[in-house]
Every structure is written in C-alpha cells, then in structure tokens.
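Welcome! Please work through these short exercises with the structure open beside you, and try each task before reading its solution.

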Amino acid sequence: MNETLFIDFFSRLNSRQLRVCGQLLGRVLYLGLSYHRRITTRNLRFVHPHWPAEQVHRFARRVFRHFGRTMIEAAHMTGLPPERCLRRIDIEGAHHITEATAKGPSLIIISAHLGSWETALQVYPLFFKHPLLCVSKDLGLGWVDRLMTRSRTRFGNLMVPKKGAFEHMLQRLRRGGSVGLMMDLNRQKQSVEVRFMGHRASASLGAAMLAMRSKSPVFLVTCVRAPDGRLRMQVTPAIAMRRTSDLRADLQENTQRITAAIEEAVGRNPEQWFWMQKRWETYHAGLYTHTSIFPRGKLKNHLHHAMRKLARTFH
C-alpha cells in the first residue's frame, strides 16, 4: 500500500467524516480483535472489581471507539500543513515549558498512550520550536512503519532505536536538546516497582535516570479529546525530582512521581487511555492467562502476517 495515498485520502476528510470513520473503525476493532478485547475487559475488572459486567463491556466499547478515532485522526493530521495542525489543537499550560526553556533548553518530556498520543508527538515541535529525540520500535509492518515514522518526524523530531537509546538521549540533553519518552507501559528490564491505579506495576526508570544524570526538568505532555471534539494539548508543571545520596531510592520515588502524574491524567479521561496493554503483567501475570487463542509467542507473528497480507491487497 502507498502510504502517501493513504495520508492524502484521510487529510481530505472533514470533522464529521473523521468522527464517523473513527467510530466505525473502533467498532470493527472491538469485534475483530478478541485478544485485545479480553485484555481490556480484564484490566477494567482488575481496576474496577465492583463494576457489573455490562458496565465493563460498555466502557470497553468506548475505549475501542476512541482508539479507532485516534488512529484515523493521526493519519488525518499527518497530511495537514503546519498551520492547519495548529488550528486544530488548543493548548493548556504552554507557559510551563516556555519558562523552563528560558532557563535552559534541555527538557525531558514524558507522555502516555492517552488521547491522541501520536498527534501530541507529531506537533510538539510546532508549538515549542524545538524537536524531540524519541525511541522508535520497528513493527515489521512495511508501510505502517513508514507511515508512523513520517508522522513522527515531519516537523523535526528524531527517532532512535530502542537499543542504546539511553546514551543517545543523555548526550542529547547534555548538548542542550530535549527528549521524549512514553512512560505508561509494562517494563520487565531496567524497571522499578510502582503503584498504578491501586496495584503493583513495573515502570521504566529511564526518565528518572535521565533526570538524575542530566538535571533536566521533567514535564508531562498529553493530547486529549475535549467534549466538543477538539484536541487539547495539556502541559503539567514540572514534576519535582528527589535528589539525595540514595540513588536507588531516588529512582524508585521519582518513577513513582512520574507514574502518579500519568495516573492523574488518565483519571480525567479514562476512556481515552490504552487499556489494551498488559500493564500489570510483571506482578500479576495470572491476570492475562488464556487471553489469546494463539500459542504463546505466536500472536505477534500472526498479526504481522495478517497486516502484510492486508497491505499487499492495496498494491
């Protein structure tokens, strides 16, 4: 499939068409992705054990509708010129970053899979005039990977592979640049234990370690959909980092502070968070037992094969 044609098509849609296409895609995904649907409902029951079954499934459908709309929205934004991108997004708290960059250009921007997270990453350089260095992961999906890279880098952001990313980011900060990290995923390596939504979870210590090593301030930036349908980028005040003689304790405490900031943001728009992930797997592995009909380790290969087959049909 030609990603240019894909982007061109979605960039021509108006707001109503985007909403309808997104909701339709969400319904299709809810019905078709039984694996992710089971993970979503198990996460919801885990966090809200008092919810009746109907409420769980009703909320899960909202999660998928939002996800579908987010994907269509990201493709739409990728085809718009800079001035139209800026007109589609309101921003709150921009002064936190402008005031910080007046003191020093190096910032650590953390975010989460909340709202229109791909759009937040894409347009950040338009609002703040300095690009981010971020970590990328190749999904092996051909045109999908090219589309995502094009979207994330077209206004100046740089992407580095996961392996060796920490040293690249640290050097970037020491040279006066800024970096961006997603901090709401389960991590089994280079991680610490945190509390997230009332349960034990693991989180990457990357942002906390970068903050300790570079002394750069840490900000949470998200992009959520407001009730009127407009996108709203939100910047929090800098997250205070503890610095004592006990590095291990500082890393754990600072990662917990970052996680708490993300939890607060998710709490304001819970249906816009990516509930389809195995967020609590490290400490609650049994939560996800038998979520897949495929043999362990085979699901990713199955999905990749299906996506490649789908892409070939559009050539």
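## Exercises on rings and a buried acid

This predicted model holds 13 aromatic pairs.

**Exercise 1.** Classify the aromatic pair formed by Phe127 and Phe128, and say how buried or exposed each residue is.

*Solution.*
- Step 1: A pair of aromatic rings is described by the distance of the centres and the angle of the planes.
- Step 2: For Phe127 and Phe128, the centres are 6.4 Å apart and the planes make an angle of 50 degrees.
- Step 3: Stacked requires planes under 30 degrees apart and edge-to-face over 60, so the pair of Phe127 and Phe128 is tilted.
- Step 4: Phe127 is partly exposed because its relative accessibility is 21%, while Phe128, at 8%, counts as buried.

**Exercise 2.** Find the aromatic cluster that includes Phe196, then find which charged end sits over the ring of Phe196.

*Solution.*
- Step 1: Phe196 belongs to one cluster with Phe46, Trp51, Phe59, Trp273, Trp275 and Trp280.
- Step 2: Over the Phe196 ring sits the charged end of Arg279, 5.2 Å from the ring centre.

**Exercise 3.** Where is Asp184 found, and what surrounds it?

*Solution.*
- Step 1: Look in the loop joining strand E5 (178-182) to strand E6 (191-196); Asp184 is there.
- Step 2: Leaving out residues up to four places away in sequence, Asp184 touches Ser111, Ala112, His113, Ile262, Trp273, Gln277 and Arg279.
- Step 3: Asp184 is buried but lacks a salt bridge, with Arg279, the nearest side chain of opposite charge, 6.3 Å away. A salt bridge needs the charged atoms within 4 Å.
- Step 4: The Asp184 side chain does make a polar contact with the side chain of Trp273, at 2.9 Å.

Terms used. Residues are numbered from 1 along each chain as its sequence is written. This is a predicted model: local features need pLDDT of at least 70, side-chain atom pairs count only at pLDDT 80 or more; totals for chains, interfaces and linings use all residues. Side-chain values use heavy atoms; hydrogens and water are left out. Rings of Phe, Tyr and Trp (its six-membered ring) pair if their centres lie within 6.5 Å; planes under 30 degrees apart count as stacked, over 60 as edge-to-face and the rest as tilted. Buried means under 20% relative accessible area, exposed over 50%, partly exposed in between (1.4 Å probe, protein chains only). A charge sits over a ring if NZ of Lys or CZ of Arg is within 6 Å of the ring centre and within 35 degrees of the ring normal. Helices (H or I, at least four residues) and strands (E, at least two) are DSSP runs, numbered from the N terminus. Lys and Arg count as positive and Asp and Glu as negative; His and the chain ends are not counted. A polar contact is a pair of N or O atoms within 3.5 Å; within protein, one must be able to donate a hydrogen and the other to accept it, and residues adjacent in sequence count only if both atoms are side-chain atoms. Contact means heavy atoms within 4.5 Å.
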